[in-house]
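Visitor: Could you take me through one part of this model up close? I would enjoy a careful look at its surface, and then a short tour of a few other spots.

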Amino acid sequence: LRWFVAEVLPLILRESPGLRVYVAGGDVPESVLALASDNVVFLGQVPDLAGLFDSVRLSLAPLRYGAGFKGKVATSLENGVPVVGTTIAMEGTGLLPGDGVAVADDPEAFAREVVRLHRDEPAWTTLAATGQQRCCELFSPDVAQDVYRKLLADLGMPTPAG
């Protein structure tokens with residue numbers, strides 16, 4: 001978030017001065033809360049994200065480090081909200097650019113994607129629909145069950161019927 005606010009947000013605000021970024025989540029360090037401004041609004045813990053997803057155009061995942069599957073990406077796509085994120089944010093998802101996500105690692109490209117998807121309704125609509133479809137194809141309970149069955153079979157263990 002520090003990288004995004006320092007490096008990316010000024011580029012976005014140059015093109016879209018009224019844009020606001022909402023940050024959901026608890027246990028935010030004071031040093032991060034200090035980033036709050038008219039354009040960066042901290043919501044704290046949000047018990048039901050559906051209302052938030054209904055009120056935003058994009059989800060941002062400007063992750064600079066981390067490993068494993070990023071649930072925030074799948075949750076956004078499931079709710080019909082495209083994601084602009086870094087390569088690291090997409091690690092472990094199986095998603096490619098255009099699968100409901102735009103991927104950018106440098107500030108200029110990240111800002112360009114955010115501005116583009118705020119302005120280009122057809123591109124946003126396509127990305128939102130594709131994201132929901134890919135979310136179902138990659139992360140549904142049936143897909144997870146097939147993965148578990150294959151893992152068990154590969155280990156020579158009995159697999160449940162179903």
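Visitor: Which residues gather in a patch of negative charge on the surface?

Guide: Happy to look at that with you, keeping in mind that this is a predicted model. The negative patch on the surface brings together Glu-7, Asp-105, Asp-106 and Glu-108. Take Glu-108 from that group: helix α6, which covers residues 107–119, is where Glu-108 sits. Its relative accessible area is 47%, so Glu-108 counts as partly exposed.

Another acidic residue worth a visit is Asp-27, in the loop that runs between β1 (21–24) and α2 (30–33). With a relative accessible area of 82%, Asp-27 is exposed. Its backbone deserves a glance too: phi of Asp-27 is near 55°, a positive value in a residue that is not glycine. For context, most residues other than glycine have a negative phi.

Let us finish with the cysteines. Searching the whole structure turns up 0 disulfides. Cys-135 takes part in none, and the nearest cysteine sulfur to it, that of Cys-136, lies 6.0 Å away. Cys-136 is likewise in no disulfide, its nearest cysteine sulfur being that of Cys-135 at 6.0 Å. A disulfide needs the two sulfur atoms within 2.5 Å, so this pair does not qualify. Their surroundings are worth setting side by side: Cys-135 is buried, at 9% relative accessibility, whereas Cys-136 is exposed, with a relative accessible area of 54%.

Definitions and conventions. Residues are numbered from 1 along each chain as its sequence is written. This is a predicted model: local features need pLDDT of at least 70, side-chain atom pairs count only at pLDDT 80 or more; totals for chains, interfaces and linings use all residues. Side-chain values use heavy atoms; hydrogens and water are left out. Patches are made of residues with over 30% relative accessible area and no salt bridge: like charges are joined within 9 Å, nonpolar side chains (Val, Leu, Ile, Met, Phe, Trp, Tyr) within 5 Å. Accessible areas come from the Shrake-Rupley method with a 1.4 Å probe; for residues, only the protein chains shown count as cover. A salt bridge is a side-chain nitrogen of Lys or Arg within 4 Å of a carboxyl oxygen of Asp or Glu. Lys and Arg count as positive and Asp and Glu as negative; His and the chain ends are not counted. The place of a charge is taken as NZ of Lys, CZ of Arg, CG of Asp or CD of Glu. Helices (H or I, at least four residues) and strands (E, at least two) are DSSP runs, numbered from the N terminus. Buried means under 20% relative accessible area, exposed over 50%, partly exposed in between (1.4 Å probe, protein chains only).
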